[in-house]
Amino acid sequence: MYSYERLLQENKAWAAGKLEGDPEYFNRLSRLQTPEFLWIGCSDSRVPANEITGTQPGEIFVHRNVANLVINTDVNLLSVLDYAVNHLGVKHVIVCGHYGCGGIKAATTKNDYKYLLNMWLRTIKDVYRIHRKKLDALENDEERNDLLVELNVQEQVQNLSKTSIIQRAWKQHKRPDLHGWVYGLKDGIIKPVFEMKAGTPIDPLYEYDSL
Ligand SMILES: [Zn+2]
């Protein structure tokens, strides 16, 4: 048996198990999707949004990329954000990083990861530059990387607030609240590290006047 065949086999068992407990399970889910949360997480295979939050299919709208970045030219992320905020009406957007993130670690080295990865990781180097004083003050590599993970989440939440999508939703609907969380691979616990409630004032430089 090929490794991928196991996934298909497990899928059949999972679907059968769901039906056993609730014969209407898939009928109900296929008709309606009303998640309250948008999750922007890392692609890391050890941080599955539903599993670590004890939520079911249908409860969280998910976008994942390397090191959970919110980049203002990323059409993929912005489309997900637009759809989640304006069509699904999510009440909370969560950016969830994790300690021990390979993308964060990679960005602190001088390694040349070649064109695309260098481009992606540059954003994290910029986060480091903005917070250089705090980070350079830490001598322990692991502590410094942990702090960079937290500061990265904070910056990405702020990046969300700089989009006209969020600013318009705040003005018109008083939602969504923005949350910055960090998941611990070692203990499975999520730590909230930053928050911007709907309507939080932002740097006027990033404000739009015709929302
Ligand atoms: Zn990661």
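Is Glu195 buried, partly exposed or exposed? Glu195 is partly exposed, because its relative accessible area is 43%. I will come back to that residue in a few minutes. Please keep in mind that what we are looking at is a predicted model.

Let me start with the overall layout. The protein chain has nine helices and five strands. If you walk along the sequence, the order is α-α-β-α-β-α-β-α-α-α-α-α-β-β. The C-alpha trace covers about 55 × 50 × 30 Å along its principal axes. Of the 211 residues in the chain, 38% are buried. The surface exposed by the chain comes to about 12800 Å², and 53% of that is supplied by carbon and sulfur atoms. As for contacts, take those between residues at least 6 apart in sequence: 63% of them join residues at least 24 apart.

Now the salt bridges. Searching the whole structure gives 10 of them. I will go through three.

Back to Glu195. Its salt-bridge partner is Lys197, and the closest N and O atoms of the two are 3.7 Å apart. Lys197 counts as partly exposed, since its relative accessibility is 46%.

Next is helix α6, residues 115-130. Arg129 forms a salt bridge with Asp126, with 3.8 Å between the closest N and O atoms. The two residues are three apart in this helix, so about one helical turn separates them. Arg129 is exposed, at 52% relative accessibility, while Asp126 is partly exposed, at 23%. Asp126 and Arg129 also belong to a network with Arg122, joined by salt bridges that share partners.

The third salt bridge is between Glu142 and Lys186, whose closest N and O atoms are 2.9 Å apart. This pair links distant parts of the chain, with the two positions 44 residues apart in sequence: Glu142 sits in helix α8, residues 141-161, and Lys186 in the loop between β4 (177-183) and β5 (190-196). Glu142 is partly exposed with a relative accessible area of 45%, and Lys186 is exposed with 74%.

Which charged residue is buried yet has no salt bridge? That is Asp74, and the nearest side chain of opposite charge, Arg64, is 13 Å away. Asp74 lies in the loop between β2 (60-65) and α4 (75-87). What does its side chain reach? The side chain of Asp74 comes to 3.0 Å from the backbone nitrogen of Asn76. Leaving aside residues up to four places away in sequence, Asp74 touches His63, Asn65 and Trp120.

Another buried residue is Ile165, in helix α9, residues 164-173. Ile165 counts as buried because its relative accessibility is 14%, and the cut-off is under 20%. Which residues does Ile165 touch, not counting residues up to four places away in sequence? They are Leu78, Leu81, Asp82, Val85 and Asn86. Take Asn86 from that list: Ile165 and Asn86 are 79 residues apart in sequence, yet their C-alpha atoms are 8.1 Å apart in space.

Over to the surface, at the start of the chain. Tyr2, Tyr4, Leu7 and Leu8 form a nonpolar patch there, and their accessible area together is about 490 Å². Tyr4 belongs to helix α1, residues 3-21. Tyr4 is partly exposed, with a relative accessible area of 48%.

Last, some backbone geometry. Most residues other than glycine have a negative phi, and most peptide bonds are trans. Here are three places in the model that depart from that.

Lys114 is not a glycine, but its phi is positive, at about 70°. Lys114 is in the loop between α5 (102-107) and α6, and is partly exposed at 46% relative accessibility.

Lys174 also has a positive phi without being a glycine, here about 55°. Lys174 is in the loop between α9 and β4, and is exposed, with a relative accessible area of 66%.

Where is the cis peptide bond? It joins Arg175 and Pro176, with an omega of about -5°. Pro176 is in the loop between α9 and β4, the loop that also holds Lys174.

That is the tour.

How values were computed. Residues are numbered from 1 along each chain as its sequence is written. This is a predicted model: local features need pLDDT of at least 70, side-chain atom pairs count only at pLDDT 80 or more; totals for chains, interfaces and linings use all residues. Side-chain values use heavy atoms; hydrogens and water are left out. Helices (H or I, at least four residues) and strands (E, at least two) are DSSP runs, numbered from the N terminus. Buried means under 20% relative accessible area, exposed over 50%, partly exposed in between (1.4 Å probe, protein chains only). Lys and Arg count as positive and Asp and Glu as negative; His and the chain ends are not counted. A salt bridge is a side-chain nitrogen of Lys or Arg within 4 Å of a carboxyl oxygen of Asp or Glu. A polar contact is a pair of N or O atoms within 3.5 Å; within protein, one must be able to donate a hydrogen and the other to accept it, and residues adjacent in sequence count only if both atoms are side-chain atoms. Contact means heavy atoms within 4.5 Å. Patches are made of residues with over 30% relative accessible area and no salt bridge: like charges are joined within 9 Å, nonpolar side chains (Val, Leu, Ile, Met, Phe, Trp, Tyr) within 5 Å. Accessible areas come from the Shrake-Rupley method with a 1.4 Å probe; for residues, only the protein chains shown count as cover.
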